[in-house]
Amino acid sequence: HTETRLADWRPYPWKLDSTRLAFTIAPQATTVESTLVFGPGENGPGAEGPADLVLDGAGLNTLALTIDGQTIDETHVSRGEETLTIAAAALPPGGFTFAARVQIDPAANTALEGLYLSGGIYCTQCEAQGFRHITWYPDRPDVMAPFRVRITADQPVILSNGNPVGQGEGWAEWDDPWPKPAYLFALVAGDLRAVSGAFTTMSGRKVALNVWVRPGDEDRAGFALEALKKSMRWDEQVYGREYDLDVFNIVAVDDFNMGAMENKGLNIFNSKLVLASPETATDTDYERIEAVIAHEYFHNWTGNRITCRDWFQLCLKEGLTVFRDQQFTSDMRSAPVKRIEDVLNLRGRQFREDQGPLAHPPRPDHYQEINNFYTATVYEKGAEVIGMLKRLVGDDGYAKALDLYFQRHDGHAATIEDWLKVFEDATGRDLSQFKRWYVDAGTPRLTMTEAWDGDAGRLTLRFTQTTPPTPGQPDKPPRVIPIAVGLISPNGDEVLPTQVLEMTGASQDFTFDGLAARPVVSVLRGFSAPVMLERPIDAATQAFLLAHDTDPFTRWEAGRALARDSIIAMSQGGKPSAEYIPAVGRLLADTAADPAFRALALRLPSEEEIATAINAAGDVPDPDRIHAAREALARDIATTHRAALEATYDAMAVPGPYAPDAGPAGQRALRLAALGLLNRIDGGARAAALWESAGNMTEKQGALMALIEADRAGDALAQMEAQFGANRLVMDKWFMVQPLAASPDRAPEIAAALAERPDFDWKNPNRFRALLGGLAANHAGFHRADGAGYRFYTDWLLRLDPVNPQTTARLCSAFETFRRYDPARQALVRAELQRLAEQPGLSRNTAEMVGRILG
Ligand code: DPP
Ligand code: ZN
């Protein structure tokens, strides 16, 4: 398949001045009439002579094509696989109107790209290249135009982007004055109910807000609406960004490949990121809903008003918007807790990606299928890079640069070079070395060694950086690394508050003078750079940092390292660190600390994290031994600290009605962390009691997972099904937790039995991901030595691929770590990947993923 390359980007030769669309909606035959007014482009016919008109389209039944009202002579038309080219000879050089009439079939659209039906609701998904499934168009983000859209549909609610300009029985017309690329187009038609509110912007304009849901779901949409208002206020207060239309609509649909989509004025969401009630959603769901509502809203400026010149620049909008939603959540909830959660997520998904065959830079320079680049690297590492930039230029420099970015690029399609230039112009810094973070893949290894000169009272820290090879990038020059450091005296007082060291060389020394005694170094505070830190440090010093560090991230990290080292040692036949179990006791006794922080500190690293660490140390992880070691450590902790865990469990019961706020959510998290440990020694008794008494889904799900682990969940699962059988989102949880929490020796069989059920609605991406993702997240179960996990998983990828290539391709990443494991497991995975590769008609999406993973 052909590759698209950044180096081949050329400006579009024509300027699209306006887009008019008229839809006549019907399930099998929707007609789309488009009228596109083109003028000469900046680099178009005037500058470079006559230019052809190249339009993108896929799966269209073309009924008519005209230029200035005249049918285009077929001799001027040539057709490619997904393009239509009209020869320059047929185009008046001063400008023209292109019109097309096409027919499409939304009912047959199972790929969920373009216009499709989800449970009777017509909706669209056009990012990245879905619009070409709707009509012929320059489907590229740097072609921006105002849209006017008229929709005729036998549906009570008809929505599109922008402001409503007219409506009647069975039709509506919408006008979006803000020039936008086609990927931000959206249309919705269906039987929907609005949960409505209003927002008055900083300049006093009133905006109508609606969250549209299916009849019956209205009582689960209020939290999303409030999150939207908070997001709008926050973006005004922190970034000075005001909303720019009279109405903001959000629609929840059940069938959606991604989480949500920022279409101008008409966000379309996966219903799991909108609908929430205490009985159906967990604290984590609430936090995610708030964050994703914010994320999509923030795109209105970072993504929509300023968009990407081409898809290689995806992290320009995604990295920045993730960074902004992380800031928002930090402000709404607990900043230290949010930082730790983000680092866990980064390490669990992005570091994993960066160390395997799918590694790519935040700004890649080639792809076969852009949908395969909506990755943890583009999103989460893209956000980390902005965090580093802010640390390097300071808060004021960041604010100035962002103001300049909005001023200079509003209404345009920009690049990473444009982004870095505003920082250079606003702060006077040279960012050429910093740019490596955008163009190089791989996670740098940062080592630190210490030299102490007691006579001089001088501490020298020596840092060394190297980045391992990644596909296509064997050698990488050093990067700029901001290293936040603090020094703590042996009595526990901080002698040097946080300082940011700027490392630019491959190896570099930093000295600290005037120290009365050798301090303990707290390094990479706040996780100041996305690197893997290696330092010689003993367990006693880690325990000291866990007790005394003033930076919550490095404090947590010290405990994490002790737990990780303990499990690794146990999995290799050794003993847990002597420091770790007593340190857990101190943590349980520290009732003054934030419960959410204590919950994070109490939770053991995942088996996947242990496997990653063993691999990074150059050894081969054994999934069964890792599983056994982690279980044994949990039992040791529970046995040693039984009384303190029971006291914590009791003390963290939250009285009164449920509230999804950070405070009570933190208490519930700590309570469930204690339950998880006690569950190893009480045979599931406490979990069974909690299952009976819990009044919210957070505790219900926690109890259910513990019951599955204790192998006594039969009644609970039956009750949950009886109560929530008709609730898709709750049943997704039901499908997910069973393979996830099952004993590895049964997980693949449990997943296979669930897949036989009539309510395993596998064409629904949420349901498919729940079951397959649940199994893939059961590390020892998925990697079971007999290959049953791999086989089951591949059988289903093969089945889904012709139906929904995007979702299939994403799920292939479960195999990205396969080279870490022993030769027998590697051979089993390779055979499954071969089976995929040899499938006739395999989608371009999946073929690219399989090809890259096989290498
Ligand atoms: N652009 C979307 C988002 O990240 C993904 N389709 O919000
Ligand atoms: Zn986004």
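Start by selecting residues 223–437, the stretch that an unreviewed UniProt entry annotates as "domain: Peptidase M1 membrane alanine aminopeptidase". You're looking at a predicted model. Colour the span by secondary structure and you get 56% helix and 9% strand. Its end C-alpha atoms lie 37 Å apart.

Next stop, ligand 1. Show the residues around it: Glu127, Met258, Ala260, Met261, Glu262, His295, Glu296 and Glu318. Sorted by character, this shell has 3 nonpolar, 1 polar and 4 charged residues. Which elements should you highlight here, each supplying at least two residues of the shell? Pick β20 (260–261) and α3 (283–298).

From β20, step out into its sheet. Five strands make an open sheet in the order β17-β18-β19-β21-β20, and the pairing is mixed. β20 is an edge strand, as is β17 (193–200); each of them pairs on one side only. Go across to the β17 edge and add β18 (206–213): these two run antiparallel, with 8 bridges between them. To see one of the pairs, select Ser196 and its bridge partner in β18, Asn210. Now bring in helix α2 (222–239), which packs on this sheet and touches β17, β18 and β19 (247–253). Look along β17 and you'll find the direction of α2 at about 20° to that of the strand.

Time for a couple of other strand pairs. Select β10 (114–118) first. Why call this strand largely enclosed by the rest of the structure? Because 5 of its 5 residues are buried. Then add β11 (121–125), which runs antiparallel to β10 and is joined to it by 5 bridges. Gly114 has Gln125 as its bridge partner in β11. Zoom in on the turn of this hairpin: there are 2 residues between the strands, and Gly119 takes a positive phi near 55°.

For something with two faces, go to β4 (53–56) and switch on the side chains. Leu53 and Leu55 point to one face and are buried, while Val54 and Asp56 point to the other and are not. β4 pairs with β8 (83–86) in the antiparallel sense, over 4 bridges. Opposite Val54 you'll see Thr85 of β8.

Now jump to residues 541–854. UniProt, again in an unreviewed entry, lists them as "domain: Peptidase M1 alanyl aminopeptidase C-terminal". Expect helices here: the span is 71% helix and 0% strand, with its end C-alpha atoms 42 Å apart.

Within it, click on Glu579, in the loop between α10 (552–571) and α11 (580–589). Is this loop residue buried or exposed? Glu579 is buried, with 21 other C-beta atoms within 10 Å. Beyond its neighbours within four places in sequence, Glu579 is in contact with Ala539, Ala540, Gln542, Ala543 and Leu562. Draw a distance to Ser566 as well: the C-alpha atoms are 9.5 Å apart, across 13 residues of sequence.

Finish on α13 (607–616), a mostly covered helix with 8 of its 10 residues buried. Those buried ones are Glu607, Glu608, Glu609, Ile610, Ala611, Thr612, Ala613 and Ile614. What do they pack against? Show α5 (335–354), α10, α14 (623–640) and α23 (779–782), and you have the elements that the buried residues of α13 pack against. Last click: Gly618, which follows α13 and has a positive phi near 90°.

Note on methods:
Residues are numbered from 1 along each chain as its sequence is written. Chains are lettered from A and ligands numbered from 1 in the order in which they are written. This is a predicted model: local features need pLDDT of at least 70, side-chain atom pairs count only at pLDDT 80 or more; totals for chains, interfaces and linings use all residues. UniProt positions are given in the numbering used here, feature names are shortened, and annotations may be inferred rather than shown by experiment. A residue is near a molecule or strand if its C-beta atom, placed from the backbone, lies within 6 Å of it. Ala, Val, Leu, Ile, Met, Phe, Trp, Tyr, Cys and Pro count as nonpolar, Asp, Glu, Lys and Arg as charged, and the others, Gly among them, as polar. A residue is buried if 20 or more other C-beta atoms lie within 10 Å of its own, exposed if 12 or fewer, and partly exposed in between; C-beta atoms are placed from the backbone. Two strands pair if DSSP finds at least two bridges between them. Two residues are in contact if their C-beta atoms, placed from the backbone, lie within 7 Å. Axes are lines fitted to C-alpha atoms, for helices over the stretch in contact, and angles run from 0 to 180 degrees between N-to-C directions.
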